[in-house]
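Trainee: Could you take me through one part of this model up close? I'd like a connected account rather than a list.

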Amino acid sequence: MVFASFLVTFREALEASLIVTIVSAYLRKIGRTELNRYLLAGSLAAVLASLALGWAIRLIYGELEGPATQVFEGTAALTATIVLTYMVFWMGRNARAIRHEIEQRVDIAVSRGQTYGIFALAFVAVVREGIETVLFLTGVFFLDPSGTVIGITLGIGTVLILVMLLLKGTYKLDIRRFFKYSSILLVVLAARLPWFCVHELIEAAE
């Protein structure tokens, strides 16, 4: 499960980073770089909210015993499968329009003087990816805890390096091709989760 957790973490963290980068670049384009602090604040708040969700799930799981544990694990795997499938199809439909939609929202927030709009835009974009990541990795974690942790670490580290290269202009990423092929891999990897879900629910019923 190292590769699965790596791919999910890498894809989701990169997606969030690209959205934040698009907003930052557009603020620079329109001469409103002072609003970057709201962008950063919204992003950090989203990361903290995602970590809080992961911690809450861990606490809940730690309190469970017997069949309740299997039910929780099976439900987590089913939820991860649904979230992942939705994520893949949503990105497939909206990938081309994301930049234009984000820039429109920034224009609206700036024109109305709603600085909190930049905060909210960053928060919603990043927390959505964070929640998706937490829900999927919760299901994967039950299959391979140590592998999941290793995959998360590698995924975050790779994204940080890639974002720095993108910002410096030393590397160009074909975003549509990346999401196309990573979506195929995610669907293949997620196919294992429903079987795990069924297995855990059957054990709970016995």
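Mentor: Let's look closely at the first helix and what it packs against, then at one residue elsewhere. Keep in mind that this is a predicted model. For orientation, the protein chain has eight helices and zero strands, and buried residues make up 39% of its 206 residues. Of the contacts in the chain with a separation of 6 or more, 85% join residues 24 or more positions apart.

Now to α1 itself, which covers residues 2-29. Those 28 residues reach 39 Å from first C-alpha to last, close to the 40 Å expected at 1.5 Å a residue. Just after α1 comes G31, with a positive phi of about 75°.

One partner of α1 is α4, residues 98-111. The two pack at an angle of about 50°, and their axes are 10 Å apart. An angle like that is neither within the parallel or antiparallel ranges nor in the 65 to 115 degree perpendicular band, so α1 and α4 count as oblique to each other. The crossing of α1 past α4 is right-handed.

Which residues in α1 meet α4? They are I19, I22, V23, Y26 and L27, and across from them in α4 sit R99, I102, E103, V106, D107 and V110. By character, the residues of this contact split into eight nonpolar, three charged and no polar. The numbering in both lists has a rhythm you'll recognise. An α-helix has 3.6 residues a turn, so residues three or four places apart point the same way.

α1 also has a contact with α6, by way of G151. That glycine lies in α6, residues 145-168, and touches V2, S5, F6 and T9, leaving aside its neighbours within four places in sequence. G151 and F6 are 145 residues apart in sequence, yet their C-alphas are 3.9 Å apart in space. Is G151 buried or exposed? Its relative accessible area is 0%, under the 20% cut-off, so G151 is buried.

For a contrast, go to L135 in α5, residues 115-143. L135 has 23% relative accessibility and therefore counts as partly exposed. Not counting residues up to four places away in sequence, L135 touches A76, T79, A80 and V83. Its C-alpha is also 8.2 Å from that of G54, with the two positions 81 residues apart in sequence terms.

Note on methods:
Residues are numbered from 1 along each chain as its sequence is written. This is a predicted model: local features need pLDDT of at least 70, side-chain atom pairs count only at pLDDT 80 or more; totals for chains, interfaces and linings use all residues. Side-chain values use heavy atoms; hydrogens and water are left out. Axes are lines fitted to C-alpha atoms, for helices over the stretch in contact, and angles run from 0 to 180 degrees between N-to-C directions. Helices (H or I, at least four residues) and strands (E, at least two) are DSSP runs, numbered from the N terminus. Angles under 35 degrees count as roughly parallel, over 145 as roughly antiparallel, 65 to 115 as roughly perpendicular and the rest as oblique. A crossing is left-handed if the near helix is turned anticlockwise from the far one by less than a right angle, and right-handed if clockwise. Contact means heavy atoms within 4.5 Å. Ala, Val, Leu, Ile, Met, Phe, Trp, Tyr, Cys and Pro count as nonpolar, Asp, Glu, Lys and Arg as charged, and the others, Gly among them, as polar. The expected span of a helix is 1.5 Å times one less than its number of residues. Buried means under 20% relative accessible area, exposed over 50%, partly exposed in between (1.4 Å probe, protein chains only).
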